[in-house]
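Subject: Structure handover

Hello,

Please find the structure below. My notes on it follow.

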2 protein chains.
Amino acid sequence: MNTNKPVSLSLNVRGLGQSATLAIKDRCRALVQEGQTVCDFGLGQSPFPVPTVVVEALKLAASEKEYLPVKGLPALREAVAEFHRLKDHTDAHPDRVIVGPGSKELMFLLQIVYYGEILIPTPCWVSYIPKARIIGRRISLVPTSYEDHWKITPEGLLKTIEMVNDHLRPRLLVLNYPSNPSGLTYTADELAEIAEVARRFQVVVLSDEIYGQLHHRGEHVSIARFYPEGTILSSGLSKWCGAGGWRLGTFVFPPDLDWLCDAMAAVASETYTSVSAPIQHAAVHAFRGGVEIERYLWHARRILHALGRRCTRTLSEAGIRVHAPEGGFYLFLDFSPFREALARQGIGSGIALCNRLLNDTGTAILPGSVFGRSREELTARLAYVDFEGARALAASENVPLDQDLPPDFPDRWCEKVIAGKQQIASWLSTMTGDEVA
Amino acid sequence: MNTNKPVSLSLNVRGLGQSATLAIKDRCRALVQEGQTVCDFGLGQSPFPVPTVVVEALKLAASEKEYLPVKGLPALREAVAEFHRLKDHTDAHPDRVIVGPGSKELMFLLQIVYYGEILIPTPCWVSYIPKARIIGRRISLVPTSYEDHWKITPEGLLKTIEMVNDHLRPRLLVLNYPSNPSGLTYTADELAEIAEVARRFQVVVLSDEIYGQLHHRGEHVSIARFYPEGTILSSGLSKWCGAGGWRLGTFVFPPDLDWLCDAMAAVASETYTSVSAPIQHAAVHAFRGGVEIERYLWHARRILHALGRRCTRTLSEAGIRVHAPEGGFYLFLDFSPFREALARQGIGSGIALCNRLLNDTGTAILPGSVFGRSREELTARLAYVDFEGARALAASENVPLDQDLPPDFPDRWCEKVIAGKQQIASWLSTMTGDEVA
């Protein structure tokens, strides 16, 4: 093709790079190939294997070849609804469940069909913002602070809404808890208060609860309990079932929002058509649950809890501002106490900090700017997942579930994470000298 | 949610129904549940099972759980490139292969990233037009005729381009052959001539060759041989591998269009992320091919060829204008010789014709308007796939591949299709009376 011809790209996608979490994985892969030892705290992939019962179900479904209904296999939609009825005490109905190739894709379709402003608290998951940009939707970021545990307050939400002289403007609030990137979650009371504001202004809530079942104490509460009529409940297999690479996400709509569900199904029928049939058949068993899956979940939670606390302690002691995680497998680190010392080392942004850390130590974390924070802010997300999940699960099974794991469990079974967090602390000490030590 | 609040849907998706091919499947399912005998010539799903080697490969890959690279598993991209080098004599390179959850999704992403006019010959596959509408892209339909075997001519393409005083306008021509909905394909000479016009005006060609391996004589030719620098070659597992429900499609880009490939990967990383890992691992074996898959393909082609010819003969004899198919499993029927007689029965559109036929006989075909033709036109697509593919393959294996199938093969092994086409002929005769008999 003649080079006189200009590249014809939509302005909405020009300059759009690969998703930062996926890009860091590629970069770590390259470093490993160069022979460097890498501690990959970048991509948030569950370290645990898919439960055996679910893998076996996939084998049994391997010859399923039919195009399934757009909204999903009826048995799966029934299982998903029942899952949320049991786990979240919501009145989910199979007719209002839609299954997609990852909840990421479902969120993209939702933003395509929904015509309104999108409210996103930050720090937030890496993909919410680029999606809206690709589609050309209007976004309002709602910043949160370390002091507020990176959570929005009812007052903050109210302020954002009332800032514009258009109270009934169609709005979609994206709420993700336990949170990627902070590992923190809302209490029932906090959710009830947010629900009240949302109801008053008829804000649709997209409640991204993909880490719900990885609440470290198994005490996840959904906002759907307080705002059933306006909440879309998002979940999927990627995190609690360890099946990120399988690509299966789910949305559950309330009756009042069935028009959104139907419009999404219409767009889905022109895009991904339906989720891979063998994967859907296997997912039925995952959502139906059972003793093996419950056991798997409790062991996973206990390991993540112990490891998260250990990392928090070391990093806090090093002077980093960080809250102990309550669910999932992330920590959101705030290096602001070291702003001046780091500036003297030429580090004035989260990006510079992460690049320097990776170069100096082979430890990969992602800067806060990837999660919707300002470029100047010295924050970063750490995904403490670089350990062998199957081995750790097997070791955890030797300790009765009503006991705590022994204190040296993380050192023995998650040694790479332990080494990595230590490297961050030591690196920081080197960078900032006696000020920290 | 208060009903005072208006439904907030993007204008691009308001009124968008489910894809017509998927909707007809749902309607047939409902009729069957009501106890009616239905002959489903609606959805174009391969009747054949996924080859056993590929199913076995999926079982072996059932525990693969990692997020794979956005563009696809390296081994799969290598296999896809090699597949096209071998089968299509193109110089496909793994770095310029992208794997998506169906080529439908890839086409959607292409339309999102490409900023230009989209040229679509009609009749065309059902999803090209709604996609562009969802995204808000400009489309120009290029009508074809029965006389031209529903194919565009170089002159027709030239005329469409020159109609606008903007010769170097960025343009994407979507070319699908063997064709859904006509079952017809282009000769090498025809493709060479179209390539010449495309080159002259630097039109990007999206060459949808998903039915390529189902060319009934195994003689599929790609336009990429004549226009390598401007052709995106689209394929996937859905048709030749019988794995429509698995959802795996592929695009291969030429070096000059790598900017499109990269932009699509960036959007993919914010939407579907990557295709299901177990499915990709299994697909490696499908694209690598081998004796079992070659044998499977030749039997499938022979059955589709024999059955397509039989249907064409009966329907031609009934007075319907239809060309014998050359690939895939579709016939595009033109009832225009009966316009007046059908009008007397209150049938003045393709939709009315199909609805009446389904109600009167339980035979489902799809009106031409679904494929981009005018509503008044009395055309319809017939997908001759309502038979048990595994049983037919097993029967075909008893006849050496260098022989023709016995004349009664379709009657014995594809009896529902034979009955269905007969029903159409009889119904038409009833509708139009002695005029036809």
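Start at the rotation axis: Lys59(B) comes closest to it among the residues of chain B, with its C-alpha at 2.3 Å. A turn of 180 degrees and a shift of 0.0 Å along the axis lay chain B on chain A with an RMSD of 0.0 Å (least squares on the C-alpha atoms of residues with pLDDT of at least 70 in both copies). The two copies are therefore related as by a two-fold rotation axis. Both use the same surface: 99% of the contact residues of chain B recur in chain A (contact: C-beta atoms, placed from the backbone, within 7 Å).

This is a predicted model; local features need pLDDT of at least 70, side-chain atom pairs count only at pLDDT 80 or more, and totals for chains, interfaces and linings use all residues. Residues are numbered from 1 along each chain as its sequence is written, while chains are lettered from A and ligands numbered from 1 in the order written.

Next, the domains of chain A. Domain 1 covers 20-49 + 292-431 and domain 2 covers 61-290 (bounds from an automatic or database domain assignment). Their C-alpha centres lie 26 Å apart. In contact are 34 residues of domain 1 and 31 of domain 2. On the domain 1 side, H1 (20-33), H10 (291-317) and S9 (330-334) of chain A each supply at least two residues (DSSP runs numbered from the N terminus: helices H or I, at least four residues; strands E, at least two). H10(A) gives the largest share, ten residues.

Best regards

Definitions and conventions:
Two residues are in contact if their C-beta atoms, placed from the backbone, lie within 7 Å.
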